[in-house]
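Me: Please take a close look at a single strand in this model. I would like its burial, its partners and its connection, and then a word on the ligand site.

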Amino acid sequence: MPDHFLGVQQASISFGKGEARVPALRSVSLSFERGTLALVMGPSGSGKTTLLSMLGCLLSPDEGTVFVDGVTVNQLTEPEKTAIRQKKISFVFQAFRLFHSLTALDNVAVGFEIRDPDKPQRMEMARDLLLQFGLGDKLHQEPNELSPGEKQRVAIARALAGNPPILLADEPTASLDVKAGRNICEILRNQVSEHGRTVVVVSHDPRWREFADRTITLCDGQVDQEVKNS
Ligand SMILES: Nc1ncnc2c1ncn2[C@@H]1O[C@H](COP(=O)(O)OP(=O)(O)OP(=O)(O)O)[C@@H](O)[C@H]1O
Ligand SMILES: [Mg+2]
């Protein structure tokens, strides 16, 4: 592996007990280079979310290794894994997962509070991020007053609080129309090209291909195909 930045090595995991035991990933080895956007595709149940959860230190493999920023994480204690997650990894989800009773600005400010509690100017930083994403006139709206595309932009702004080097996105455009979806593709691509972040996107949506450096297809818990995009 050329760059042990982020990845899994011979990772396997099963869920359930006895006869109901289902292998979700079977000896998967994948390495994600710093400053790249990888797209992970594959049918429902092929193990995409399981892979993302492992890369995000939310799930440990039964066998094999997970590495984040060059560190093998599956031998670490839970508090150590939490610390790595807080410093290095953010998640973006299909369902946005915003705090419903907070304004867009406060949603992002909470991201700063969690990840960067020492920074006194978190409101300013939150505002800057929302302005960058074209939400300057939505700062004080609550999530139910925003369109799906706007909600996802707020969620991405919140994910970027604290400047994490790694963004893991599970179906980030699945709830969005074509225009809003493309906008999210552009925003995440920009996080790679302009800010050097490493982004892994799980999606069924083929329009991501144009924005990804590499497309990995999982099938039945294994890597079926890996294509470098030109
Ligand atoms: N917490 C769990 N408990 C039991 N089985 C699970 C759990 N998580 C995943 N699985 C099983 O592991 C396999 C892989 O699931 P995973 O959620 O990773 O698939 P996916 O590719 O993300 O699918 P989708 O496209 O539907 O989101 C499936 O057979 C699923 O039923
Ligand atoms: Mg999934």
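Reply: Two strands count as paired if DSSP finds at least two bridges between them. The model is predicted. With that cut-off, start at strand 8, residues 198-202.

Strand 3 (residues 37-41) pairs with strand 8 in the parallel sense, over four bridges. Within this pairing, Ala38 stands opposite Val200 of strand 8. Strand 7 (residues 166-170) also runs parallel to strand 8, and five bridges join the two. Here Ile166 stands opposite Thr198 of strand 8.

Now burial. Strand 8 is mostly covered, with five of its five residues buried. Both faces are covered. One side carries Thr198, Val200 and Val202, and the other carries Val199 and Val201. So Val200, which faces Ala38 across the pairing with strand 3, is buried because it meets the cut-off of 20 or more other C-beta atoms within 10 Å of its own.

Next, the connection. Strand 7, helix 6 (residues 178-193) and strand 8 form a β-α-β unit. Its hand is right-handed.

Last, the ligand site. Twelve positions need no full listing here; among the residues around ligand 1 are Phe15, Val22, Ala24, Gly42, Lys48, Thr49 and Thr50. Strand 2 (22-32) and helix 1 (48-55) are the elements that give two or more residues to this shell. Helix 1 gives the most, three residues. By type, the shell divides into three nonpolar, eight polar and one charged.

Technical notes. Residues are numbered from 1 along each chain as its sequence is written. Chains are lettered from A and ligands numbered from 1 in the order in which they are written. This is a predicted model: local features need pLDDT of at least 70, side-chain atom pairs count only at pLDDT 80 or more; totals for chains, interfaces and linings use all residues. A residue is near a molecule or strand if its C-beta atom, placed from the backbone, lies within 6 Å of it. Ala, Val, Leu, Ile, Met, Phe, Trp, Tyr, Cys and Pro count as nonpolar, Asp, Glu, Lys and Arg as charged, and the others, Gly among them, as polar. A residue is buried if 20 or more other C-beta atoms lie within 10 Å of its own, exposed if 12 or fewer, and partly exposed in between; C-beta atoms are placed from the backbone. A crossover is right-handed if, with the strands pointing away from the viewer, the path from the first strand over the helix to the second runs clockwise.
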